[in-house]
Amino acid sequence: QRLDKNQIESVYSFLSSNLPKVFGPEVINKKVLLVILEQQAAVIEMNEKDWVYRRGKTSRCFTLVMEGKLEVRSGPEEFISHSGPFTYLGINALTQKHFKPDFSAQVLKKAVLLLITKESYNSASKAVKLVKRNTMDVSAFPKSMN
(Lines give C-alpha, C1' and ligand atoms only; values in the text may rest on other atoms or scores of the structure.)
Protein backbone atom coordinates (compact mmCIF):
# COMPACT_ATOMS: atom_id res chain seq x y z
CA GLN A 1 0.00 0.00 0.00
CA ARG A 2 1.25 3.51 -0.84
CA LEU A 3 0.30 7.02 0.20
CA ASP A 4 -1.63 9.24 -2.22
CA LYS A 5 -0.30 12.72 -3.11
CA ASN A 6 -2.37 14.51 -0.45
CA GLN A 7 -1.22 12.08 2.25
CA ILE A 8 2.41 12.49 1.16
CA GLU A 9 2.17 16.28 1.46
CA SER A 10 0.42 16.01 4.86
CA VAL A 11 3.01 13.59 6.21
CA TYR A 12 5.85 15.72 4.84
CA SER A 13 4.43 18.85 6.53
CA PHE A 14 3.92 16.99 9.80
CA LEU A 15 7.39 15.41 9.90
CA SER A 16 9.34 18.48 8.81
CA SER A 17 7.58 20.79 11.27
CA ASN A 18 7.27 18.44 14.27
CA LEU A 19 10.62 16.64 13.98
CA PRO A 20 12.94 19.26 12.45
CA LYS A 21 16.14 17.72 13.89
CA VAL A 22 15.45 14.53 11.95
CA PHE A 23 13.22 15.56 9.02
CA GLY A 24 13.77 19.32 8.76
CA PRO A 25 14.91 20.89 5.47
CA GLU A 26 18.46 21.41 6.76
CA VAL A 27 18.73 17.65 7.40
CA ILE A 28 16.72 16.21 4.49
CA ASN A 29 15.49 18.49 1.74
CA LYS A 30 11.88 18.37 0.67
CA LYS A 31 12.45 16.50 -2.61
CA VAL A 32 14.41 13.71 -0.92
CA LEU A 33 11.87 13.30 1.87
CA LEU A 34 9.03 13.24 -0.65
CA VAL A 35 10.83 10.44 -2.54
CA ILE A 36 11.19 8.45 0.69
CA LEU A 37 7.49 8.89 1.44
CA GLU A 38 6.40 8.08 -2.10
CA GLN A 39 8.72 5.21 -2.95
CA GLN A 40 10.42 3.75 0.12
CA ALA A 41 8.16 4.14 3.13
CA ALA A 42 5.95 1.14 3.83
CA VAL A 43 2.29 1.60 4.65
CA ILE A 44 0.99 -1.43 6.50
CA GLU A 45 -2.25 -2.47 8.14
CA MET A 46 -2.06 -4.14 11.53
CA ASN A 47 -4.82 -5.86 13.44
CA GLU A 48 -5.90 -5.60 17.03
CA LYS A 49 -3.38 -7.16 19.44
CA ASP A 50 -0.50 -7.06 16.89
CA TRP A 51 2.79 -5.82 18.36
CA VAL A 52 4.44 -2.81 16.76
CA TYR A 53 7.34 -2.56 19.25
CA ARG A 54 8.42 -4.73 22.14
CA ARG A 55 10.49 -3.37 24.99
CA GLY A 56 14.15 -4.31 24.57
CA LYS A 57 13.73 -5.82 21.10
CA THR A 58 15.88 -4.10 18.48
CA SER A 59 14.01 -2.11 15.85
CA ARG A 60 15.18 -0.36 12.69
CA CYS A 61 11.91 1.46 11.91
CA PHE A 62 10.29 4.77 12.69
CA THR A 63 6.50 4.51 12.87
CA LEU A 64 3.84 7.12 12.19
CA VAL A 65 0.27 6.15 13.04
CA MET A 66 -1.95 7.10 10.09
CA GLU A 67 -5.19 5.48 11.33
CA GLY A 68 -6.25 3.44 14.34
CA LYS A 69 -5.04 3.33 17.90
CA LEU A 70 -2.05 1.89 19.75
CA GLU A 71 -1.52 1.18 23.43
CA VAL A 72 1.96 2.14 24.57
CA ARG A 73 3.42 0.81 27.82
CA SER A 74 6.49 2.67 29.03
CA GLY A 75 8.74 2.97 32.04
CA PRO A 76 9.36 0.47 34.81
CA GLU A 77 5.72 0.74 35.89
CA GLU A 78 4.56 0.18 32.30
CA PHE A 79 2.59 3.41 32.30
CA ILE A 80 -0.17 3.11 29.67
CA SER A 81 -0.87 5.78 27.08
CA HIS A 82 -2.64 5.72 23.74
CA SER A 83 -1.37 6.84 20.36
CA GLY A 84 -3.73 7.75 17.54
CA PRO A 85 -3.42 9.30 14.09
CA PHE A 86 -0.34 11.44 13.50
CA THR A 87 1.52 10.27 16.56
CA TYR A 88 4.91 8.70 16.10
CA LEU A 89 7.10 6.13 17.80
CA GLY A 90 10.67 4.94 17.35
CA ILE A 91 12.28 8.17 16.14
CA ASN A 92 15.55 6.98 17.73
CA ALA A 93 15.53 3.95 15.42
CA LEU A 94 16.63 6.36 12.68
CA THR A 95 19.43 8.02 14.63
CA GLN A 96 20.85 5.42 17.05
CA LYS A 97 23.15 2.60 16.03
CA HIS A 98 21.15 -0.09 17.86
CA PHE A 99 17.72 1.10 18.94
CA LYS A 100 16.04 -0.96 21.61
CA PRO A 101 12.81 0.72 22.71
CA ASP A 102 12.17 1.17 26.42
CA PHE A 103 8.48 0.76 25.67
CA SER A 104 6.09 -1.69 24.07
CA ALA A 105 3.34 -0.75 21.62
CA GLN A 106 0.40 -2.91 20.65
CA VAL A 107 -2.50 -2.25 18.28
CA LEU A 108 -5.76 -1.57 20.14
CA LYS A 109 -7.88 -0.78 17.11
CA LYS A 110 -7.02 -1.83 13.55
CA ALA A 111 -4.23 0.50 12.47
CA VAL A 112 -2.58 1.82 9.33
CA LEU A 113 1.07 2.64 9.99
CA LEU A 114 3.74 4.38 7.95
CA LEU A 115 7.19 2.83 8.46
CA ILE A 116 10.50 4.42 7.51
CA THR A 117 13.54 2.20 7.87
CA LYS A 118 16.91 3.29 9.16
CA GLU A 119 18.42 2.24 5.81
CA SER A 120 16.10 4.52 3.80
CA TYR A 121 16.72 7.41 6.17
CA ASN A 122 20.51 6.94 6.15
CA SER A 123 20.77 6.76 2.36
CA ALA A 124 18.64 9.92 2.07
CA SER A 125 20.78 11.73 4.66
CA LYS A 126 23.96 10.74 2.84
CA ALA A 127 22.56 11.91 -0.50
CA VAL A 128 21.64 15.31 0.95
CA LYS A 129 25.11 15.70 2.55
CA LEU A 130 26.77 14.79 -0.75
CA VAL A 131 24.71 17.32 -2.68
CA LYS A 132 25.48 20.03 -0.07
CA ARG A 133 29.19 19.23 -0.22
CA ASN A 134 29.25 19.40 -4.03
CA THR A 135 27.12 22.53 -4.39
CA MET A 136 29.02 25.75 -4.74
CA ASP A 137 27.59 29.14 -3.97
CA VAL A 138 28.38 31.06 -7.18
CA SER A 139 27.51 34.36 -5.51
CA ALA A 140 30.76 34.06 -3.54
CA PHE A 141 32.83 34.31 -6.75
CA PRO A 142 33.79 37.62 -8.36
CA LYS A 143 31.23 38.81 -10.96
CA SER A 144 33.65 38.09 -13.83
CA MET A 145 33.50 34.36 -12.97
CA ASN A 146 29.70 33.94 -12.88
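Asp-4 caps the N-terminal end of helix α1. One of its side-chain oxygens lies 3.0 Å from the backbone nitrogen of Asn-6. This is a predicted model, and the start of α1 is a good place to enter it.

Helix α1 covers residues 5-18, 14 residues in total. From first C-alpha to last, α1 reaches 20 Å, close to the 20 Å expected at 1.5 Å a residue. Which residues of α1 are buried? They are Ile-8, Val-11, Tyr-12, Phe-14, Leu-15 and Ser-16. An α-helix has 3.6 residues a turn, so residues three or four places apart point the same way. The buried residues of α1 pack against two helices, α2 (20-23) and α3 (30-40). They also pack against strands β3 (61-74), β5 (88-89) and β6 (103-117).

Strand β6 leads to Ser-104. Buried or exposed? Ser-104 has a relative accessible area of 13%. The cut-off for buried is under 20%, so Ser-104 counts as buried. Its contacts, leaving out residues up to four places away in sequence, include Trp-51, Tyr-53 and Arg-54. Glu-71, Val-72 and Arg-73 are also among them. Arg-55 is another residue that Ser-104 touches, and here there is a polar pairing: the backbone nitrogen of Arg-55 lies 2.9 Å from a polar atom of the Ser-104 side chain. Ile-80 sits 24 residues from Ser-104 along the chain, with 9.7 Å between their C-alpha atoms.

A second serine, Ser-120, belongs to helix α5 (residues 118-134). Ser-120 is buried because its relative accessible area is 11%, and the cut-off is under 20%. Beyond residues up to four places away in sequence, Ser-120 touches Ile-36 and Gln-40.

Notes
Residues are numbered from 1 along each chain as its sequence is written. This is a predicted model: local features need pLDDT of at least 70, side-chain atom pairs count only at pLDDT 80 or more; totals for chains, interfaces and linings use all residues. Side-chain values use heavy atoms; hydrogens and water are left out. Helices (H or I, at least four residues) and strands (E, at least two) are DSSP runs, numbered from the N terminus. Buried means under 20% relative accessible area, exposed over 50%, partly exposed in between (1.4 Å probe, protein chains only). Contact means heavy atoms within 4.5 Å. The expected span of a helix is 1.5 Å times one less than its number of residues. A polar contact is a pair of N or O atoms within 3.5 Å; within protein, one must be able to donate a hydrogen and the other to accept it, and residues adjacent in sequence count only if both atoms are side-chain atoms.
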